[in-house]
Amino acid sequence: MLHLRFALSRRAYALAFMLSVASVSPPSFGFDDYQLPSLGGASTSVSNEEYRLGRAWLRQFRAQAPQWQDPIVNDYLDSLVARLAPHSQLGNLRTTTVMVDNGSLNAFAVPGGVIGINSGLFAFAEDEGAFVSVIAHELGHLSQRHYARGSARAEQTQLPAMAAMLAGMLIAASGGGDAGMAAAMGSQAALIQDQLSYSRRFEQEADRVGLQAMASAGYNPDAMVRMFGAMQRMARLQGGTPPEFLLTHPVSDSRLSDAQARASQLNIADAYTSDTLYDMMRARALLSIYHNTPQQAASRLAQENSEEQAQRYLSALIAARNGQTDNALQTIDQLARELPDYGMLPASAATVALEAQRYEEAITRSQRLLRIMPNYLPAQLVLAEAQLQRDPQAAYELLRDITDQHPETPQGYNLLAEAAGRSGYNGWGHLARAEHLQLTGRIDRGIRQLSIAKDAAQQENDQQALARIEQRREAFIEYREALEKF
C-alpha cells in the first residue's frame with residue numbers, strides 16, 4: 001500500500017489499500033496495448049501502462065517529497081528487497097526503492113514495483129527481523145495484485161482509477177493534506193463501501209505471503225508478530241493520532257493471532273541474521289532524524305540495547321560531523337578490522353574523507369574497496385565525486401558506467417552532468433542533466449534540456465550523443481504523457 005508521511009485523515013483508510021498492485025512485465029512500453037489484469041493468481045502480469053504509470057508516480061514523488069539521500073542505507077534496503085523478492089511471488093517485477101526523510105513510522109509499495117520507507121521505520125523497528133517484516137508485508141501486497149484486484153472487483157477501469165488515486169496522494173504529498181485525499185476520494189466514492197470490507201482480506205494475504213517469504217529467506221517470522229504487537233501498543237498509546245502506517249494497516253487482535261498461528265507453522269530455511277549491520281544502518285537513520293541534536297541519536301541507540309559496535313560507529317559519525325576526522329577514521333578503520341565482511345564500513349570511511357575534502361584519501365579508500373566489491377554503488381559514488389576534484393575524465397567514465405547500471409539513480413546523473421561538463425563532453429553533460437530532471441519529475445524542463453544537449457552535440461559533431469538524444473526525446477515524451485495523468 002501507499003502510506004505517505006503526510007497528514008492522512010481516517011477517511012483515507014477506505015482507500016489506502018488501493019495503492020498496491022501486481023507484478024508486471026516491463027520490457028516494452030506502448031501506451032495503447034494494455035489489457036486489464038484478470039483476477040487470477042499472483043503470476044498474472046499487469047499492463048506495461050500500469051508499470052509506466054507507477055514509475056511516473058515515482059518521478060512526481062521525488063519532485064514533491066523530501067528524499068533521504070544515503071547511498072549506504074539505500075544499498076542495504078535494496079539488498080533486503082533482493083533477498084526477499086525470490087520468495088515473494090513477484091514474478092518478473094523489477095523493483096526500485098526510495099527513502100523519505102521523515103521520522104514517522106511509514107512504508108509503502110505502489111504500482112511499478114516501487115518500495116519506499118521513511119527513515120522513521122528504522123527508528124521504530126529495533127531489530128532487523130522487525131524491519132524486514134514490514135518490507136515483506138509490502139512485497140506481499142505487490143505479489144497479490146491488491147490494487148488490480150480491487151479495481152477489477154469494483155468493475156471500473158483500472159488505470160484511470162489508479163491515476164486519480166495517485167494524483168490525490170501527490171497533492172497530499174506536496175502539502176495539500178485533506179484536499180488531496182478529498183480529490184482521491186471524489187474519484188472513488190462509489191468504491192468505498194466495497195473496499196472497507198475487502199481491505200481486511202488483503203492485509204491478511206500480504207501478511208501470509210510476507211511470513212512465508214521471511215521464513216524462506218532465513219528470517220524468523222516471529223519477528224512480524226513482535227512488530228505487530230509493538231504497533232498495536234503504539235496505536236493504543238497514541239489514540240486518535242497514530243502514524244499513517246497504522247491508519248492504513250490497523251493491527252487487530254484477530255490479525256495478530258492469525259500471524260502468530262501461521263508463523264509457528266513455518267520452517268526457517270538457512271537461518272540468517274545481521275543485527276549488528278542493521279544497528280549500524282539504524283544509527284545512520286537516527287543521525288538523520290536527530291541531525292540537529294546528534295547526541296539524542298547516540299542516547300537512543302544506547303538505551304535500546306543496540307550492538308556495542310554500532311554505538312561506536314555512531315560515535316565516529318558524530319565525531320566526523322564535529323570536524324574530528326582523524327578520530328572518526330581511526331574508529332571506523334578499527335571496526336572494519338573487526339567486521340571485515342561489512343563493506344559499508346570502508347565505504348563510510350571513504351565518505352568521511354570525502355566530506356572532509358580529503359579527496360586523494362577518499363579516492364584511495366574507495367578504490368581499495370572496489371577491488372574487493374567492484375560494483376558496490378556507495379563506493380562508486382564516493383570515488384566519482386572525489387575524482388571530480390582531481391580527474392574529471394576518470395569521473396566521467398565511471399559515471400557513464402554507474403548510470404548505465406543504475407538508470408533510476410538521480411544522484412548518478414547529477415554527478416555525470418558535472419563530470420561531462422568538466423571533461424568537455426557538453427552534449428553528454430546536458431543529456432545527463434535532462435535525465436536528472438526527468439527522474440525528479442521536471443519533465444518539461446528535461447525536454448528543453450534535450451534541445452540544449454542536441455545543439456551542443458552538433459557543435460561537437462558527436463554522432464553517438466546525437467543518436468542517444470533523439471532516442472531519449474521519444475522516451476521523454478512518453479514520460480510526459482504518463483505524468484499528465486496526474
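Author: Let's start with one idea: two strands count as paired when DSSP finds at least two bridges between them. Keep in mind that what you see above is a predicted model. In it, the bridge partner of Ala 107 in strand 3 is Ile 117.

Reader: Thanks! How many bridges join strand 2 to strand 3, and in which sense do these strands run?

Author: Strand 2 and strand 3 run antiparallel, with four bridges joining them. These strands form a hairpin with three residues between them, where Gly 112 takes a positive phi near 90 degrees.

Reader: In which sense do strand 1 and strand 3 pair?

Author: Strand 1 pairs with strand 3 (residues 114–118) in the parallel sense, over five bridges. You can follow this pairing residue by residue. Thr 96 stands opposite Val 114 of strand 3, and Thr 97 stands opposite Ile 115. Gly 116 of strand 3 is the bridge partner of Val 98.

Reader: What is the order of the strands in the sheet?

Author: The order is 1-3-2 in an open sheet of three strands, and the pairing is mixed. At the edges are strand 1 (96–100) and strand 2 (107–110), each of which pairs on one side only. On average, neighbouring strands of this sheet are turned by 20 degrees against each other, direction ignored.

Reader: Which strands of the sheet does helix 3 touch? And which does helix 5 touch?

Author: Helix 3 (residues 71–84) packs on the sheet and touches strand 1 and strand 3. The direction of helix 3 makes about 135 degrees with that of strand 1. Helix 5 (residues 128–143) also packs on the sheet, touching strand 2 and strand 3. Its direction makes about 20 degrees with that of strand 2.

Reader: How should I read the two faces of a strand?

Author: The general idea is that side chains alternate between the two faces of the sheet in a regular strand. Now look at strand 1: Thr 96, Val 98 and Val 100 lie on one side, Thr 97 and Met 99 on the other, and all are buried. Buried here means under 20% relative accessible area. With five of its five residues buried, strand 1 is therefore largely enclosed by the rest of the structure.

Reader: Which residues of strand 3 point each way?

Author: Val 114, Gly 116 and Asn 118 point one way from strand 3, while Ile 115 and Ile 117 point the other way. Strand 3 is mostly covered, with five of its five residues buried.

Reader: What about groups of buried residues? Which residues have the most contacts inside the largest nonpolar core?

Author: As a general tendency, nonpolar side chains are buried together in soluble globular proteins. In this chain the largest nonpolar core has 124 residues, and Phe 122, Phe 131 and Met 344 have the most contacts inside it. Apart from that core lies another one of nine residues, including Val 98, Val 100, Phe 108 and Val 110. To explore the largest core, try Phe 122: beyond its neighbours within four places in sequence, its contacts include Trp 68, Ile 117, Phe 131 and Tyr 278.

Reader: Where does Pro 346 lie, and is Pro 346 buried or partly exposed?

Author: Pro 346 lies in helix 17 (residues 344–355). Pro 346 is partly exposed because its relative accessible area is 25%, and the partly exposed range runs from 20% to 50%. Leaving aside neighbours within four places in sequence, Pro 346 is in contact with Ala 336 and Leu 369. The C-alpha atoms of Pro 346 and Ala 379 are separated by 8.5 Å, with these positions 33 residues apart along the chain.

Reader: Could we look at a helix too? Which residues are buried in helix 20?

Author: Ala 394, Ala 395, Tyr 396, Leu 398, Leu 399, Ile 402 and Thr 403 are buried in helix 20. Their cover includes helix 19 (377–390), helix 21 (410–423) and helix 22 (426–439). Helix 20 itself (residues 392–405) has 14 residues and reaches 20 Å from its first C-alpha to its last, close to the 20 Å expected at 1.5 Å a residue.

Reader: And how many helices and strands does the chain have?

Author: The chain has 24 helices and three strands. Of its 486 residues, 58% count as buried. The chain exposes about 19600 Å², and carbon and sulfur atoms supply 45% of that area.

How values were computed: Residues numbered from 1 in each chain as written. Predicted model: local features only at pLDDT ≥ 70, side-chain atom pairs only at ≥ 80, totals over all residues. Heavy atoms only, no water. Helix = DSSP H or I, 4+ residues; strand = E, 2+ residues; numbered from the N terminus. Expected span 1.5 Å × (residues − 1). Buried < 20%, exposed > 50% of the residue type's maximum accessible area, 1.4 Å probe, protein only. Contact = heavy atoms within 4.5 Å. Areas by Shrake-Rupley, 256 points an atom, 1.4 Å probe, with all protein chains shown as cover. Axes fitted to C-alpha atoms, helices over the stretch in contact; angles between N-to-C directions. Core = buried A, V, L, I, M, F, W, Y, C linked by side-chain atoms within 4.5 Å.
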